[in-house]
Amino acid sequence: MPETAAQITEMIIIAIIYLGIFSVAGLFLVFMERRVAAWFQLRIGPNRVGYQGLLQTMADALKLVSKELTGTVKADKFLYNLAPYFVIISSLMALGLIPFSKSFQAFDINIGIFFLIAVSSIGVIGILLGGWASNNKYSLIGAMRSGVQTISYELSVGLSLLTMVLLTGSLQLSEMVEVQKHGWLILQGHIPAVIAFMVFMIAGTAETNRAPFDMVEAESELGAGFHTEYSGMKFAYFFLAEFINMFIIAAIATTVFFGAWLSPFGITESLPWLGIIWFLIKTFALVFLMMWFRWTFPRLRVDQLLTLEWKYLLPINLVNIVVMALIVWQKLTIQF
Amino acid sequence: MTNAALKELIGSWFPNPEVPVDDKPEKGISEVQEPQEPQPSSLLEFTEEGSEFLNIIVPATHLHALMLKLKTHPDTHFNYLFCLTGMDWEPALGVVYHLESTEHRHMVVVKVKTEDRDNPNFDSVSDIWRTAEFHEREVYDFFGIKFNNHPNLKRLFLTDEWDGFPLRKDYVDDINMVIK
Amino acid sequence: MQETTTINNFKSEEYFINMGPQHPATHGVLRLLLTIDGEIIKKVEPDLGYIHRSIEKMCERDSYQQIVHLTDRMDYLSSHINNEAVCLTVEKALELEVPDRVKVIRTIIGELTRIASHCLWWGVMGMDVGALTTYFYGFRDREMINDIFEETCGARLTMNYNVPGGLMWDIHPNFVNRVKKFIVHFKTKIPEFDRLLTENIIFQKRTKGVGVLSKEDAISFGASGPVARASGYSCDVRKYHPYSALDKVTFTEALQTQGDTFARYVVRIQELWESLSIVEQLIDNIPEGEHRVATNAVIKLPKGEYYQKVETARGELGVYVVSTGTKNPYRLKFRSPGFSNLSLLNHIAVGGKIGDLVATMATLDLVIPDIDR
Amino acid sequence: MSVTGKYFLNSRKGAITQQYPDNRDTLKMFERFRGEVIMPHDENNEHACTGCQKCEIACPNGSIEIIWDRGIDEYSGKKRKKIDKFVYHLSLCTMCGLCIDVCPTDAIKWGQNFENSVYDRTKLTRVLNKPDSKLRAGIED
């Protein structure tokens, strides 16, 4: 087999594996959200299909696939159909960078973090397109809110990650993890790192359009926001992408703040394959935290959302970067 | 204020031009019942029969002036219009206003009537009590009573093309109405 | 700013949007015609009548016993209080003195209805501002009350427990125990309500200073109930015109002066405490006696006009009966609290955002069948 | 968050869900529950309805129709009213309870069945007295 063909085959195989991960993770996250929400709300949650309802989301996905695709007559058909793919492809691309373990990472480029931030903000184009092309006023309001929100909170995500990059000195994800062998970054950077983590979680929740920042959907205000006019599998793409984005935000936080696949205090250093388990445990803990937010807090108003970003998070972030720089300069980091 | 005091006060606002003011004492209920009696000293009719409140029956021309006075006069100060009812007395159409003063906590009922069934017409009180805006729309909707100077007088519950005024006694709808 | 063009009364930046009749925030089939400039609301115009059943016309053909069950279908969240209003009117007209036992039971169930209604409102309020979990907590407590009702009255929502002259049945033997259990349970839950929503900083930011209604406007718009009391207008019918056993209990009227959405919220939470204390005062002192006095099978009210007001969970409900002495009322008018409260929506929502409108509407606590009678 | 967190941890025992079709056997309605109007018959296939039509008058919606006849009462030998069919339109019924309240002989009662939905509208019109049933002895208006 010629080398290029082999490479292409390899890429295809990897792509298929990632697609599998994508769908399984997405479906599991949906299921987890439903169960967690149910437990918060004195309910039982889906427990009929499969063991403890594990196959419930599979059944739902099947139902969605088999449903009719409806749309408005005056919609811009091309953009309308294109929008879900934007959203889902951007989140799929971001997934490729996540270092599940030392050897399990699709591509480890030297601008890893930068690429993640860049890619994850493409998704908003899909939302804007979807809202615009649906020819629905509620969708349009939702899409505009989404644009405003994502552009604002992109800054905080970037800056809070930049704070941590000061510590590692590299944008490459694998190197960032290597640095954390001497203590997770949230410990190394202590106070500014904790602040950066908090800012990142808030901004990350906002960027994935989840409650309490679900201005975009805001079902009590806008019906369903930008995907009001979508149905069947196209709706499912949006839905799935939302959950994958949540997973990605949690995964980035795990990588940058909690040492990715590294076990706490190196207790399972000798068993490298356990890394993936550690990674998933940490990620799902953060995902759970985001779900906890969602099922507890009321939604912000759109102007308050912007106030929070521009008047509070951004200045805090900027100060935080300076503090972090001072700490790195004075070598005040905690290292084991 | 007691009903009698209210009656004294309110009655003095609209003296009957045909009767000298200090000529006759007010007779109250009996005058309403028997129109052959001598002219009352006020343009307003008062009655307390069959009701726990003081009822004032006012000619349509004086409705708005009376209402404004009732609201603004410091002794009456009826600032809370809590019920506005359209009525079909057969043949007369009318409106019943229930007023309360949040300061003095007394209540009064004002009634206004018209015999004109085809084009009943009263002055709107929505500039005095803003709640009347919706209530008058409801009355217009069900009784077809028009209110002059109402800011937005159109059907509230029924569709614009609805034919007839359902709460009138002579309204017939063979399909939707079940008569027992 | 450049000159704006105006077409059909719309400025070029403004556009028109339909909120409802099937919108999650309108809680029923209320349709609001919004004129919006971006996110800012310029005008709200309610469009009603989607479920108008003309109950007033139906009442003109029904006997007085039959009217009672129609009032269940008006404000279905405080159906018992609606029933009570009609029964009180009929009893007033007939000059019928009902036994003390009936009065006390009516008041207890009325206050429980109020608690149930406010529980539902609290859950839905949380949901409207985006906190979905409140819905289930509110419904859990409401469910306990509904079980009590079901055991005693036979139905959970449209109870029709009152008849002119008393109650349809005596209370169930378990009633007192269950209510006591509920009081103990609910006392631990209201602080939880507070912790979950009232003290939440996002919630306070969403509601404080939003939809401000001044006292003068509240009176002029005929507001009643918690909406008016949040503006500082003391209007509790239970205080000023006590009916049933309400003159025997002591309670303070919940009053706030800010008049904003948060004040309306706080008033309702306070009312939960008030109603609970009223129930607590009465539940041990249900006097023995008949649960009903006999009336004629055909009730004919004496000629005249009768007006009775009661305080439902939403405000002042008035029943205005005009009788000509026959077995049917000549004209029956329900002065529903929601109708007047809805009329002020345009006044307080203009200038706010869409999110504000939703929060404001949630605290007006509109029940659409009450408006579309 | 503390409130929701507490409920999350106690979710096992705190769930208030009624798993409805599964708990059909254990689900018991209260005895006063107003599900539908029924006419109890005893073991001799006898009911207590004298056909006085008070319920028919009391019903606000016309959901009760009594088709009656005059016949010889076999216990007393007198000629009196007898019901032929007690027709009950469940589709019109609002469960107000006035008919049961007004019934002088307690011939009709509330049934606790709440699963009232059927596939065919005609099934909602019921004849409450069983075929060949007759009036119990000693029941007078």
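**Sheets, a buried helix and chain contacts in a predicted model**

In chain C, the strands S8, S9 and S10 form an open sheet in that order, with antiparallel pairing. This description, like the rest of the account, concerns a predicted model. Strand S8 (304-311) and strand S10 (331-335) of chain C each have a single partner strand, so one side of each is left without a neighbour in the sheet. On average, neighbouring strands of this sheet are turned by 10 degrees against each other, direction ignored. The pairing of S8(C) with strand S9 (residues 316-323) of chain C is antiparallel and comprises eight bridges. Within this pairing, C:Tyr306 stands opposite C:Val321 in S9(C).

A helix accompanies this sheet. H3(C) lies across S8 and S9 of chain C, and runs at about 145 degrees to S8(C). Helix H3 (residues 79-94) of chain C contains 16 residues. From its first C-alpha to its last, H3(C) reaches 23 Å, which is close to the 22 Å expected at 1.5 Å a residue. Is this helix enclosed by the rest of the structure, and how many of the residues of H3(C) are buried? Of its 16 residues, 14 are buried, so H3(C) is largely enclosed by the rest of the structure. Here a residue is taken as buried if 20 or more other C-beta atoms lie within 10 Å of its own. Just after H3(C), C:Glu95 takes a positive phi of about 55 degrees.

Chain C also holds an open sheet of three strands in the order S3-S4-S5, again with antiparallel pairing. Its edge strands are S3 and strand S5 (40-47) of chain C, each of which pairs on one side only. Neighbouring strands in this sheet are turned by 20 degrees against each other on average, direction ignored. Six bridges join S3(C) to strand S4 (residues 31-37) of chain C, and the two strands run antiparallel. C:Ile17 has C:Leu34 as its bridge partner in S4(C).

The next topic is the contact between chains. In the contact between chain C and chain A, 26 residues of chain C meet 22 residues of chain A. On the side of chain C, at least two residues each come from strand S3 (14-19), helix H4 (100-128), helix H5 (133-153), helix H7 (201-207) and helix H14 (354-364). S3(C) thus appears both as an edge strand of its sheet and among the elements that touch chain A. By class, the side of chain C that touches chain A has 13 nonpolar, six polar and seven charged residues. No contact joins chain A and chain B, and their closest C-alpha atoms lie 24 Å apart. Chain B and chain D likewise have no contact, with their closest C-alpha atoms 9 Å apart.

Chain A itself is divided by the domain assignment into domain 1 (1-66) and domain 2 (67-330). The centres of domain 1 and domain 2 of chain A, taken over C-alpha atoms, are separated by 19 Å. Each domain of chain A gives 18 residues to the contact. The elements giving two or more residues to the side of domain 1 of chain A that touches domain 2 are helix H1 (3-40) and helix H2 (56-66) of chain A. H1(A) supplies the largest share of that side, 12 residues. By class, this side of domain 1 of chain A has 13 nonpolar, three polar and two charged residues.

Technical notes: Residues are numbered from 1 along each chain as its sequence is written. Chains are lettered from A and ligands numbered from 1 in the order in which they are written. This is a predicted model: local features need pLDDT of at least 70, side-chain atom pairs count only at pLDDT 80 or more; totals for chains, interfaces and linings use all residues. Domain bounds come from an automatic or database domain assignment. Two residues are in contact if their C-beta atoms, placed from the backbone, lie within 7 Å. Helices (H or I, at least four residues) and strands (E, at least two) are DSSP runs, numbered from the N terminus. Ala, Val, Leu, Ile, Met, Phe, Trp, Tyr, Cys and Pro count as nonpolar, Asp, Glu, Lys and Arg as charged, and the others, Gly among them, as polar. The expected span of a helix is 1.5 Å times one less than its number of residues. A residue is buried if 20 or more other C-beta atoms lie within 10 Å of its own, exposed if 12 or fewer, and partly exposed in between; C-beta atoms are placed from the backbone. Two strands pair if DSSP finds at least two bridges between them. Axes are lines fitted to C-alpha atoms, for helices over the stretch in contact, and angles run from 0 to 180 degrees between N-to-C directions.
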